[in-house]
Amino acid sequence: MGVNASVLAVDAGNSKTDVALIGEDGSVLSTARGGGFQPPVVGVRAAVDALAVAVTQALARAGEHVDGVRHVSACLANADLPVEEAELAKALLGRGWGRTVEVRNDTFAILRAGVDEPRGVAVVCGAGINCVGMGPDGRTARFPAIGRISGDWGGGSGLAEEALWFAARAEDGRGEPTELVRTLPGHFGLGSMYELIEALHRGRVPQEARHELTPVLFATSAAGDPVASALVDRLADEVVAMASVALGRLGLLDEQVPVLLGGSVLAARHPRLDERIGALLAARAPKAVIRVVAQPPVLGAGLLGLDHLGAPPEVHNRLRAHYA
């Protein structure tokens, strides 16, 4: 006879999805990995269909050990607004994967994975940038995080665009000199910004390859280029602005609280970026403790599910130990 699984945890990003089926005692019964989750591109139904591939694999791997799932805890990319979370929760509930469903933005999974209790702030900078905060009383702090129309600046894609802008203007004389005029086209084996502009415009360098320019920007900054360094400094300013606003909304500016950094850009530990973030945050929130998240986000989705069910600490600890 099978048992009821406690939580079906889903962490779905733009490029990949991780699923974990969690038992009542916090043990991981099965896992699966699938493709990205992009409802703005393919629509909600098709995005959930893609999600279903990984979910079906996880349920099948658990086999006869599982009769049903109590709760689905899904942390999803592109669930940027509460109305989108509600829409996606309704779609997931309709699949019958669990008795109850809660959908959150995927940044909440990164935050919860890195803290022992739902208390703290996370800033994530990968392709884009986002920040969320949680308090043990259930309050949250968040931003729309849907691009420039919601006041965002930064992220790997945004940094690459800024670097290209400054390099183009430096080459044709409209802007100040910068080594980016050589390092950016040089990354693709090209001799000038004009060649790179043409290659991007004509599709010889695919648009998705722009993200490769973000590490080039940081390397150019580390070599002492003032323009590149100014962009790195501006990213640090933005990270601290988001974190301190979220802390302020939760009343945590003067408390010892974790501020977690995640995503490919922040996890790369660029010295200039790290040092400026540390100095600026110390001035705004002197007791905050900065940490880089190393745990997988699907752990955070699972812990949020256990929070929802009121599971005891030993159940949380067992799940966390599995991913240690």
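I'll start with helix α5, since α5 gives the largest share of the lining of the largest pocket, five residues. Before going on: this is a predicted model, and everything I say about it is computed from that model.

So, the largest pocket. Its volume is about 1,500 Å³. It is lined by 45 residues, and those nearest its centre are Asn14, Gly126, Ala127, Gly128 and Ile129. Besides α5, the elements that give two or more residues to this lining are α4, residues 107-113, β7, residues 129-134, α8, residues 213-222, and α10, residues 264-267. By class, the lining has 21 polar residues, 16 nonpolar and eight charged.

Now the second largest pocket, at about 190 Å³. Which element gives the largest share of its lining? That is α5 again, with five residues. The other element that gives two or more residues is α7, residues 193-202. The full lining is Glu161, Leu164, Trp165, Ala168, Arg169, Arg174, Met193, Ile197, Leu200 and Arg210. By class, that comes to six nonpolar and four charged residues, with no polar ones.

Staying with α5, one residue to look at is Ala167. The helix runs over residues 155-172, and Ala167 sits in it. Is Ala167 buried or exposed? It is buried, because its relative accessible area is 0%. Leaving out residues up to four places away in sequence, Ala167 touches Thr178, Leu180, Val181, Leu184 and Met193. Met193 also appears in the lining of the second largest pocket. For a sense of distance, take Ala52, which is 115 residues from Ala167 along the chain: the two C-alpha atoms are 44 Å apart.

Last, the sheet. Five strands make an open sheet with mixed pairing, and the order is β8-β7-β6-β9-β10. At the edges are β8, residues 140-142, and β10, residues 289-292; each has a single partner strand, so one side of each is left without a neighbour in the sheet. On average, neighbouring strands are turned by 15 degrees against each other, direction ignored.

Within that order, β6 and β9 pair in the parallel sense over four bridges. Strand β6 covers residues 120-125 and β9 covers residues 258-262. If you want one pair to find on the screen, Ala122 has Leu260 in β9 as its bridge partner. The sheet and the largest pocket share β7, which is one of the five strands and also gives two or more residues to that pocket's lining.

Technical notes. Residues numbered from 1 in each chain as written. Predicted model: local features only at pLDDT ≥ 70, side-chain atom pairs only at ≥ 80, totals over all residues. Heavy atoms only, no water. Buried < 20%, exposed > 50% of the residue type's maximum accessible area, 1.4 Å probe, protein only. Contact = heavy atoms within 4.5 Å. 1 Å grid on protein atoms, 1.4 Å probe; cavity = no way out; pocket = protein on both sides within 12 Å on 5 of 7 lines; lining within 4 Å. Points joined across faces, edges and corners; volume = space filled by probe spheres on them. Nonpolar A, V, L, I, M, F, W, Y, C, P; charged D, E, K, R; others polar. Pairing = 2+ DSSP bridges. Axes fitted to C-alpha atoms, helices over the stretch in contact; angles between N-to-C directions.
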